[in-house]
Structure formats: C-alpha cells, structure tokens
Amino acid sequence: MTLILNSINKQINKNWIIQDLSLKVKDGECLAILGPSGCGKSTTLRLIAGLEICDSGSIFINDEDITNISPVDRKIGMVFQSYALFPHLTIYENLSLGLKIRGISKKESIRRVSSILDLLKLEHLSTRKPAALSGGQRQRVALARALLRDPSLYLLDEPMSNLDAQLRERLRPELRRLILNGNQPVIYVTHDQHEAMSMANRIAILNDGRLVQIGTPKDIYKTPASIFVASFVGRPQINLFPESAGLIKGIRPEDIFLDNKGIDFKILYTEWLGTNQLFHLDTSQGRLRMLCNADISINSDHKINWKQEKLHLFDSKTKLRINNG
Amino acid sequence: MLLIWSLSPLIWQLYTSLSTPEALTRPLEINEFRWTFDNYKQIFQANPPFVRYLLNSLIVGLSSTILTLAIALPASYSLAKANNKVSKISKIILLASALFPYFLLFLALLEFAREMNFGNNLLALCIPYSALCMPLAVLLLTAAFKDLPNDLEEAARLEGLGLINRLRWILFPLIKPAIASTSILVFLFTWNEYPIALTWISKSELITLPVAIARIAGSSVYSVPYGAYAAATVVGALPLLLIVFIFQKRIVSGLTQGAIKG
C-alpha cells in the first residue's frame, strides 16, 4: 500500500496552512513529519484522515483517489495526541463501538477485541474507564483502537508527547513491534527530533506549511537543505557564523575539536551532559558551542579547529544549502 | 447562617401547614389541638383533589422539557459546530431574548392561544413554555457541546459513526450533566409559572399547581385559609425537592474527566 499526496493546499481563515505539499510513502515505511508548532503537520494528518478537505490537490492510497471520500471509507487507523478515548465507555466498549457500528457480529467483535487486548497486554483493564488508566495504558488503548480498524494506513499524531521520557523509551520498541513491522505506510507527526530520528525511515520537515526537506534521518542531519533545517535538527544546535561574501557557514558543535593550531578561545561556561560536555566559547569568530567527550581536559595552549569538509555552506539570501557535504 | 436564611421560610410553611387555624392566630397559647393533618386532608379531599393539579403540572412540565430538549439539542449542536457570522448573531439574539421579561408577552400569548384554540389544553401550554425556556436551554447546551474536545468526535467519525450515532453514543452521554441541569431548569420554570397558566387554562380540573394554590388562597373573600394554602405549597414543593435530589449526582459527576491525557 502506498500513500501519495499530490501538491495539496489548505487555507484556513485565509491563512495558508499547507502549501503545495507532495509526498510519497511506501509499504511499511514510516515517515515522520517534523516541524515547529504551527507548521501544518497536524493539518497534514487531518487532511490525510479526511477530517479536513483539501482546497486543491489530491490524495491517493494504492492508486485510488481518496481526496473526496469520507474518513470512514479511507480505512485509517489514527492515534490522536489526546488519545481521544471515549471517557464514558469502558475500555472494552471503547474498542468495540466502532466494530458494532460497522456491522460486525457480536461474536466476531468479542474475538477481535480480546485478541487485541491480549496483544497489548490490556485484558485486565477491559472493564475500566479511561480515567482509571495511566498515560501509557491510555496510549496503548488508543493504539489498539487504531489496530482494530485493520487500516490501510496509520496516522500517529504526537503519540508520545504526553508521556514522560522513561515511558517513551519503553514504548518505542512496542510501537515498532505493533505498527512499523506491518506493510502499511505509517505517518508519524512529532515535534521531537529524537523520536523522529529513532522511529522513522524518512523524515519530512515542514515549515510554514511547506515541505522544506525530505530524506533519511542521516541525510537530514548530514546535509540539511537550508539554514532552517540545519538549526531545527540537531541538539545542541548548529553554530552559524556571521554572513560573509553572501555566504553563511555552519558547523555542528561535535565537529569542532581541540587542536594545536586553529583559533583562540575563552570558555564562557560549560554544560555537563553525562557522556558529553558542551562548552560555550567566545572566539574571534563569535560565540561557538563545542561538544566534547566528558573526560576531556583543556589546557591553556589548546586552540579549536574543524575540518573544512564538515562546514555547511548556505546562501545568505535564499538561506539554502550550496555545498554537497 | 445561609442555611437558616434559605430554610426558614420552608420551615415556617411546614409549621403552618401542620397547625390548626386557632393555633396560628394565637401562637403563644398552649393548645392541645395544636397539630393537625386537617389541612392536608382538606386539599386532598377537595373537588377536584389536589393530586389532580400535581398531575396536570407534571404533564405540562414533562412535555415542555421534552419539547425544549428536542429542539434545543440539535440547535445547540449546530451552533457549537458552526463558526460563522450567522451563528454568532443568533447567539447574541438568543442571549437578548433570554433577558427579555416574559411577563410582557403574556397578553400577546393569550391572543395567540385564542386564535389557535389552545385554551384549556394542557399539552398546548408546552409551546409557550418551551419557547420561553429555549434561549437559556440553547445557551447552556451550546456551552456544553463546545466544552467537549473536538478529538472525541473526530475519533468517532474515523470509527465510522455517522452524525446520529455520534450524538447517540458519544455526545449526548458526555453532556448528560448539562442535559440534566437544563431539564431541571425547564421543569422548575413550568412548575412555577403562573400568568400564562392562569390565562390559558380556565377549567378547574385542568389548572396547574401555582394557579390551584392561588385559588385556595383566594377561595374566600373574608379569610385566608393559611393552613390549606401552606399544605398546598408543601405538597407542590416536594416533587421538586425529589427531582433535585435524584439528579444531583448526575449534575455534579465530572463525566468528561479522563478524556484527555493528563
């Protein structure tokens, strides 16, 4: 199954939310849509789900034009950021409601719901209401509901953003086991770049409703297409030098190293990050961040240096990349 | 203090209803015939019996409540969903009409009733009643619909629930507290409403509670039967207290909690 977005546009209250967006997601591929708040990533999901209608452009699943068909007929499994579990129904009822409405026999529905509860280790909670569940459990119920749809496409809208960091780490492999190993395309919206990089085969970066770059996590990190991508992806943030001769140069903090030759520096302050430490430096080229091993020791005749090929070069007018790292 | 303030008229009423007329006029003289159920006997044995008025009011109250909800629920849903000029203007008009003193309307309503032959028809009373309650009901229910997270309805749409199914399985159950409180307000209004009931209904076996109570009070030119009057008000207030007690839990229970992850 393949999802294709063909130059879709969406305007809400005369503001362009999505402009000329085209994407292709193949069988079993996980595409993360990454971008700052308000970049249109949630709207993109809603357009694919059919909760909003495109102003122009078209959407295909498996060569079938679904641009104008209703959300139900698109057969989409969606996990909402808020999980959107029905608070007045028990977990069992939450999961079986859709099956009942879609005319599936009671016997069959019991069988399907219990097998999914079993798969997600939720059986013991089936008579509880969502309010009595923990965040992680609610997220799994929302996932179960999406799985029960037997969808041709999964849409995950910030599925982990309301969970604490530890839980996220535990749920990632589970999410991969349940969804990412299937042969349906998965679209994963997030504003967390670590999550995007760890879950997705490819990442699409959106800014102001436009697609700025799409590629594998490695591509995006190594050859960011614009200043926006370069500074949006990668923590600690890339160092950008002041403009000179129509060029803006950038260097990632981990590509700066201590050397015998290079430029002088003064340490402003240090952030201890566990395995690494981040130095904030004052140099003749402006303030720079340098990421080093935690056990490094600096002496007074150290200078900082970097390899020329690690530099990212951007046009100062278009803000686009000009070298092919 | 607040309790005394709000309860004392009720207690006085109860006391009056259980006292003989002599005890009421000479409260300080100790009298062995002080307490009596005669007042209650009197109103229940009158013709038509007092139960009849209770029943009349119940019929009017229930029919008005049902009619109001039947119109207000779909109207509020669409007002809550639509976000255009028309819906904004209609909300302002609704608010304005909710503030309009309905007393000014009852003469016009009387003409309307005469024209439509609605006089002496209990069910017809629910037309002006639900019309008068409509602005408040729509405003309350619109607010309730608006408070529901949009995600819930969209999740239901993705699950294949059409509009009717969404209302039936998701939205109505979730705004139950608002529906309950709206119903109570409508019911209270019809239970207590006097001028329209007085002018539309003249047959003594069809009059509603407030009119009946007023008739008891004004039944004699020379004396006011305080005891019977008080007994009538006590009997009239009991069903209301009962309803409020039954629905209290529903109103208070926070049904939407847990819909959104914390």
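Biologist: Asp192(A) caught my eye. Is Asp192(A) buried, exposed or partly exposed?
Modeller: Asp192(A) counts as partly exposed, because it has 16 C-beta neighbours inside 10 Å. The cut-offs are these: 20 or more other C-beta atoms within 10 Å of a residue's own make it buried, 12 or fewer make it exposed, and partly exposed is in between, with C-beta atoms placed from the backbone. Bear in mind that this is a predicted model, where local features need pLDDT of at least 70, side-chain atom pairs count only at pLDDT 80 or more, and totals for chains, interfaces and linings use all residues. Residues are numbered from 1 along each chain as its sequence is written, while chains are lettered from A and ligands numbered from 1 in the order in which they are written.

Biologist: OK, and where is the place of Asp192(A)?
Modeller: In the loop between β8 (186–190) and α6 (193–199) of chain A. Those labels come from DSSP runs, numbered from the N terminus: helices are H or I with at least four residues, strands are E with at least two. Asp192(A) is also 17 Å from Thr43(A), C-alpha to C-alpha, with their positions 149 residues apart in sequence.

Biologist: Let's zoom out. How many helices and strands does chain A have?
Modeller: Eight helices and 18 strands. The C-alpha trace of chain A spans about 80 × 45 × 35 Å along its principal axes, and 39% of the 325 residues in chain A are buried.

Biologist: And what does the secondary structure of chain B come to?
Modeller: Chain B has 13 helices and zero strands. Its C-alpha atoms fill a box of roughly 75 × 50 × 30 Å, taken along the principal axes. Of the 262 residues of chain B, 34% count as buried.

Biologist: How many residues does each chain bring to the contact?
Modeller: Chain A brings 24 residues and chain B brings 23 residues. Contact here has a plain cut-off: the C-beta atoms of two residues, placed from the backbone, lie within 7 Å.

Biologist: Which elements of chain A give two or more residues to that side?
Modeller: β6 (76–79), α2 (91–101) and α4 (135–148) of chain A. α2(A) gives the most, with three residues. By class, the side of chain A that touches chain B has 16 nonpolar, five polar and three charged residues. Nonpolar covers Ala, Val, Leu, Ile, Met, Phe, Trp, Tyr, Cys and Pro, charged covers Asp, Glu, Lys and Arg, and the others, Gly among them, are polar.

Biologist: Back to α4(A). How many of its residues are buried?
Modeller: 11 of the 14 residues of α4(A) are buried, so to speak mostly covered. Among them are Arg138(A), Val141(A), Leu143(A) and Leu147(A). The cover includes β6, α2, α3 (106–119), β7 (153–157) and α5 (165–180) of chain A. After α4(A) comes Asp150(A), with a positive phi near 50°.

Biologist: Any other positive phi values in chain A?
Modeller: Tyr83(A) has one near 70°, and it is a residue other than glycine. Tyr83(A) sits in the loop between β6 and α2 of chain A and counts as buried, with 27 C-beta neighbours inside 10 Å. Ala245(A) has a positive phi too, near 55°. Ala245(A) lies in the loop between β11 and β12 (247–251) of chain A and is exposed, with 5 other C-beta atoms within 10 Å.

Biologist: Which peptide bond is cis?
Modeller: The bond from Arg235(A) to Pro236(A), with omega near -5°. Pro236(A) is in the loop between α8 (227–232) and β11 (239–240) of chain A.

Biologist: Switching to chain B: at what angle do α7(B) and α10(B) cross?
Modeller: Roughly 160°, and the axes of α7 (residues 126–147) and α10 (residues 176–192) of chain B come within 10 Å. Axes are lines fitted to C-alpha atoms, for helices over the stretch in contact, and angles run from 0 to 180 degrees between N-to-C directions. α7(B) and α10(B) are therefore roughly antiparallel; angles over 145 degrees count that way, under 35 as roughly parallel, 65 to 115 as roughly perpendicular and the rest as oblique.

Biologist: Which residues meet there?
Modeller: Leu136(B) and Leu140(B) are among those in α7(B), and Leu185(B) and Phe189(B) are among those in α10(B). That contact has 11 nonpolar, three polar and no charged residues.
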